[in-house]
Amino acid sequence: MSEVFFVGCGPGDPELITVKAKKLIQKADVVVYSGSLIPDPILNLCKKGKLYDAAKLVREEIFNLLYKNAKKDKLVVRLHDGDPSIYGAIKEQIDNLEKKGIKSVVVPGITAFLASAAALGTQLTLPGVTQTIIVTRAESRTKVPKREKISELAKHKATLIFYLSVHLLPKLTKEAIAGGYKKSTPVAVVYRASWNDQKIVKGTLNDIAKKIQEEKITRTAIVIISDVIQPQSYEYSKLYDKEFSHGYRKAKVKSIKN
Ligand SMILES: C[S@@+](CC[C@H](N)C(=O)[O-])C[C@H]1O[C@@H](n2cnc3c(N)ncnc32)[C@H](O)[C@@H]1O
């Protein structure tokens with residue numbers, strides 16, 4: 001059966017690509033890639049194949065390229081920045097390909113929010129602070145269901161992560177405060193995480209919109225709202241606690257509670 005590979009190639013640093021993704025690009029006959037977010041060193045891995053920039057094409061044109069070439073048993077790669085499952089619009093292509101008898105294989109990649117957490121050198125969950133990560137976007141042309149309004153998600157006071165939303169920061173921060181976050185809640189914006197021109201801007205819900213406006217950041221950024229960015233306090237993990245036993249290790253000292 002003919003197939004198309006939907007491949008994630010990571011957030012930008014050419015070394016943050018999986019071995020599997022690299023091999024597929026090297027062997028591909030056709031690569032349809034997601035515009036400017038794919039760095040040249042990754043596109044240059046495609047030695048023998050033909051490259052098409054999906055940013056210049058509409059859905060039907062992309063579909064035809066994938067379909068026609070897969071039908072001829074060519075090795076076809078639809079190359080996505082980050083991970084294909086995160087705001088990647090792959091489902092519509094996979095479903096249409098399936099209707100025409102073409103199988104799809106998805107190869108995961110490192111998504112931008114994980115590269116952003118790495119850039120911040122932090123954890124996104126911390127004992128005593130939050131154990132939950134919410135990944136979302138602010139509403140613009142793409143509608144967001146009412147139950148996922150920022151003010152609703154904010155009620156959890158979890159780590160709230162936004163894709164595709166940095167240009168909407170004034171509205172976004174207002175809604176997060178309306179939903180329950182304190183104005184002093186830390187916010188980090190990571191622009192072009194893992195690229196050479198990566199920029200990190202930190203602030204609070206109260207001042208981040210102004211800072212980002214001053215930095216003139218309007219795209220390709222992840223917004224993270226969370227106390228984990230600058231916790232007042234947190235607890236150490238149980239897993240490595242000397243009083244804690246688990247399947248691979250006995251406690252090294254007796255708990256004083258025993
Ligand atoms: C259409 S989405 C694609 C996301 C991608 N599939 C992923 O997993 O990272 C594009 C958005 O991802 C975010 N993004 C992608 N690469 C980024 C990077 N290197 N640094 C920060 N944000 C990035 C930005 O919010 C951008 O507007």
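In which sense do strand 8 and strand 10 pair, and over how many bridges? I looked this up in the model, which is predicted. Strand 8 (residues 186–191) runs antiparallel to strand 10, and the pairing spans five bridges.

**Entry 1: strand 10 and its partners**

I stayed with strand 10 and went through its contacts along the sheet. Opposite Ile-225 of strand 10 I found Val-187. I then turned to strand 7 (residues 159–163). Strand 7 also pairs with strand 10 in the antiparallel sense, here over three bridges. Leu-160 has Ile-225 of strand 10 as its bridge partner. Phe-162 faces Val-223 in strand 10.

Next I checked burial. Are the residues of strand 10 buried or exposed? Five of the five residues of strand 10 (residues 221–225) are buried, so the strand is largely enclosed by the rest of the structure. I noted the side-chain directions too. Ala-221, Val-223 and Ile-225 point one way. Ile-222 and Ile-224 point the other way. The cut-off I kept in mind for buried is under 20% relative accessible area.

**Entry 2: the sheet around strand 10**

I traced the strand order. This is an open sheet of five strands, ordered 6-7-10-8-9, and its pairing is mixed. Strand 6 (133–137) and strand 9 (199–204) are the edge strands, each pairing on one side only. On average, neighbouring strands here are turned by 20° against each other, direction ignored.

Then I looked for helices on this sheet. Helix 5 (residues 112–120) lies across strands 6, 7, 8, 9 and 10, and runs at about 65° to strand 10. Helix 8 (residues 208–215) packs on the sheet as well, touching strand 8 and strand 9. The direction of helix 8 makes about 150° with that of strand 9.

**Entry 3: the other sheet**

I moved on to the second sheet on my list. It is an open sheet of five strands in the order 3-2-4-1-5, with parallel pairing. Its edge strands are strand 3 (50–53) and strand 5 (103–107), each pairing on one side only. The twist averages 20° from one strand to the next.

I checked one pair in detail. Strand 2 and strand 3 pair in the parallel sense over four bridges. Val-32 stands opposite Tyr-52 of strand 3.

Two helices went into the notes. Helix 3 (residues 59–71) lies across strand 1 (3–8), strand 2, strand 3 and strand 4 (76–80), at about 145° to strand 4. Helix 4 (residues 91–99) lies across strand 1 and strand 5, at about 170° to strand 1.

**Entry 4: the two domains**

I took the bounds from the domain assignment, which gives domain 1 (3–107) and domain 2 (112–229). Their C-alpha centres lie 29 Å apart. Ten residues from domain 1 and eleven residues from domain 2 make the contact. The area buried between the domains is about 780 Å², with 71% of it from carbon and sulfur atoms. Which residues of domain 1 lose the most area to domain 2? They are Pro-11, Leu-37 and Tyr-87, together 60% of what that side buries. I searched for salt bridges across this interface, and the rule finds zero.

**Entry 5: Leu-37**

I followed up Leu-37. Leu-37 sits in the loop between strand 2 (30–33) and helix 2 (40–43). Its relative accessible area is 26%, so I logged Leu-37 as partly exposed. Beyond its neighbours within four places in sequence, Leu-37 is in contact with Asp-81, Trp-195 and Thr-220. I also compared positions: Leu-37 and Arg-192 are 155 residues apart in sequence, yet 8.9 Å apart in space, C-alpha to C-alpha.

Definitions and conventions:
Residues numbered from 1 in each chain as written. Predicted model: local features only at pLDDT ≥ 70, side-chain atom pairs only at ≥ 80, totals over all residues. Heavy atoms only, no water. Buried < 20%, exposed > 50% of the residue type's maximum accessible area, 1.4 Å probe, protein only. Pairing = 2+ DSSP bridges. Axes fitted to C-alpha atoms, helices over the stretch in contact; angles between N-to-C directions. Contact = heavy atoms within 4.5 Å. Domains from an automatic or database assignment. Buried area = accessible area lost by both parts, 1.4 Å probe. Salt bridge = Lys/Arg side-chain N within 4 Å of Asp/Glu carboxyl O.
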